[in-house]
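Trainee: Please pick one part of this model and take me through it closely. I would like one connected account, with the terms explained as they come up.

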Amino acid sequence: MSHPLYRFAVLCFCLGMAAARTQAAAQQSARDTVAARVPFERELSAGRKPNVPGLEPYRVFETEWGWVVVDDSAKAGPVIATMRAGINRFERIFGKPVGRGVFTVAKEMPQETKDSLLKSAGSQWSWVLEDLPPVGKKRIYEFDFTRHELTHSWMRAAYPNEKAGPWFDEMAASLIQTRMDLNADSLLGLDPNYVEKYFVPLDTLFAMDNPVNAVLNEGRELAYVLAIYAQFCSMGDFFIQHSLDPTIFRSLAEHFERGGQIADWLRTSGPQYSMPTTVAELEQEWRWWLVHNPKADRPKATTP
Ligand SMILES: [Zn+2]
């Protein structure tokens, strides 16, 4: 995800997702346990496609996670692979099924068709990705940020009442990208000096609005947003490497789903995960970890 176009696209999508969170609550009827699903995919014939206006030219595939809609059947394989890898990882890390959904990758799909797909019966999550010309040989749905953005939809489906704030949503999305061991200065190809320059204390980070809004409304520079995102993302790596227990994220998500705050979680569940018990202690440990090389100084957790 090093191309500037895609970095910008990530920020735009994240802003859209942040706004969407304030709209109608996501549908939720997911079961409480994660069951293995047998992967399958088959194209639906014209007569079996969802009854959605304007869907006729598109190809619809039924999968174990719901529908995948594409404008070219050649895309179906990699699009399904991206969704499948991400959703399996989400369920392992966050411990809760996301249910059936609709993932659409198409160019210039009419808005009415997009809207109807979003409301399609039986869908607990939906995301429409506007396809773009490839960068090099890579298509947009093969970049990390596609799984990142899908994760926002899955998080809303699995934990619709979670309102910890942008830091947790962005940390979650970073975890479902390709690597578990994200570093603050490597995730976005960011100059470490930017991270230092724009570093914000944890009590500010946990309470802050999506930093993209600061660019749009306050004229902050893009480097500020990237630095804050790097902080969000590095928190995920820190939680894993400090606790050595990937199930920590399920515990956090369930706590936030019940309306809890990070300070409460640290006090009540921190010891169970070998984590600090206050935000101040967390900040101290995290800053130590950021300064020292985490790869050299900390044992690595295995990816679940
Ligand atoms: Zn995001």
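Mentor: What follows centres on the sheet, then turns to some helices elsewhere. This is a predicted model: local features need pLDDT of at least 70, side-chain atom pairs count only at pLDDT 80 or more, and totals for chains, interfaces and linings use all residues. Residues are numbered from 1 along each chain as its sequence is written.

Start with the whole protein. Its secondary structure comes to 13 helices and 5 strands. These are DSSP runs, numbered from the N terminus: helices are H or I with at least four residues, strands are E with at least two. Of the 304 residues, 40% are buried. Buried means 20 or more other C-beta atoms within 10 Å of a residue's own; exposed means 12 or fewer; partly exposed lies in between, with C-beta atoms placed from the backbone. Among contacts with a separation of 6 or more, 71% join residues 24 or more positions apart. A contact needs two C-beta atoms, placed from the backbone, within 7 Å.

Now the sheet. It is open, its 5 strands are ordered S1-S2-S3-S4-S5, and the pairing is mixed. Strands S1 (41-43) and S5 (125-130) stand at the edges with a single partner strand each, so one side of each has no neighbour in the sheet. From one strand to the next, the twist averages 15 degrees. Two strands pair if DSSP finds at least two bridges between them. S2 (residues 59-63) and S3 (residues 66-70) run antiparallel and are joined by 5 bridges. Within that pairing, Phe61 stands opposite Val68 in S3.

Helices pack here too. Helix H3 (residues 111-118) lies across S3, S4 (101-106) and S5, at about 155 degrees to S5. Helix H4 (residues 144-158) touches S4 and S5, and its direction makes about 160 degrees with that of S5. Axes are lines fitted to C-alpha atoms, for helices over the stretch in contact; angles run from 0 to 180 degrees between N-to-C directions.

Look at the loops next. Asp72 sits between S3 and helix H2 (73-94). Asp72 is partly exposed, with 13 other C-beta atoms within 10 Å. Asp72 and Val105 are 33 residues apart in sequence, yet 9.1 Å apart in space, C-alpha to C-alpha. Glu108 is in the loop between S4 and H3. Glu108 is not a glycine, but has a positive phi of about 50 degrees. Most residues other than glycine have a negative phi. Glu108 is exposed, with 7 other C-beta atoms within 10 Å.

Ser274, in the loop between H11 and H12, also has a positive phi, of about 55 degrees, and is not a glycine. Ser274 counts as exposed, with 11 C-beta neighbours inside 10 Å.

Helix H11 itself spans residues 262-269, and its buried residues are Ile262, Trp265 and Leu266. Seen down the axis of H11, they fall within an arc of 100 degrees, so they line one face of the helix. That arc is taken from the directions from the helix axis to the C-beta atoms. These buried residues pack against H7 (202-207), H10 (248-257) and H12 (279-291).

Finish with a helix pair. The axes of H8 (residues 211-218) and H9 (residues 222-243) come within 8 Å and cross at roughly 165 degrees. From H8, the contact uses Pro211, Val212, Ala214 and Val215; from H9, Leu222, Tyr224, Val225 and Ile228.
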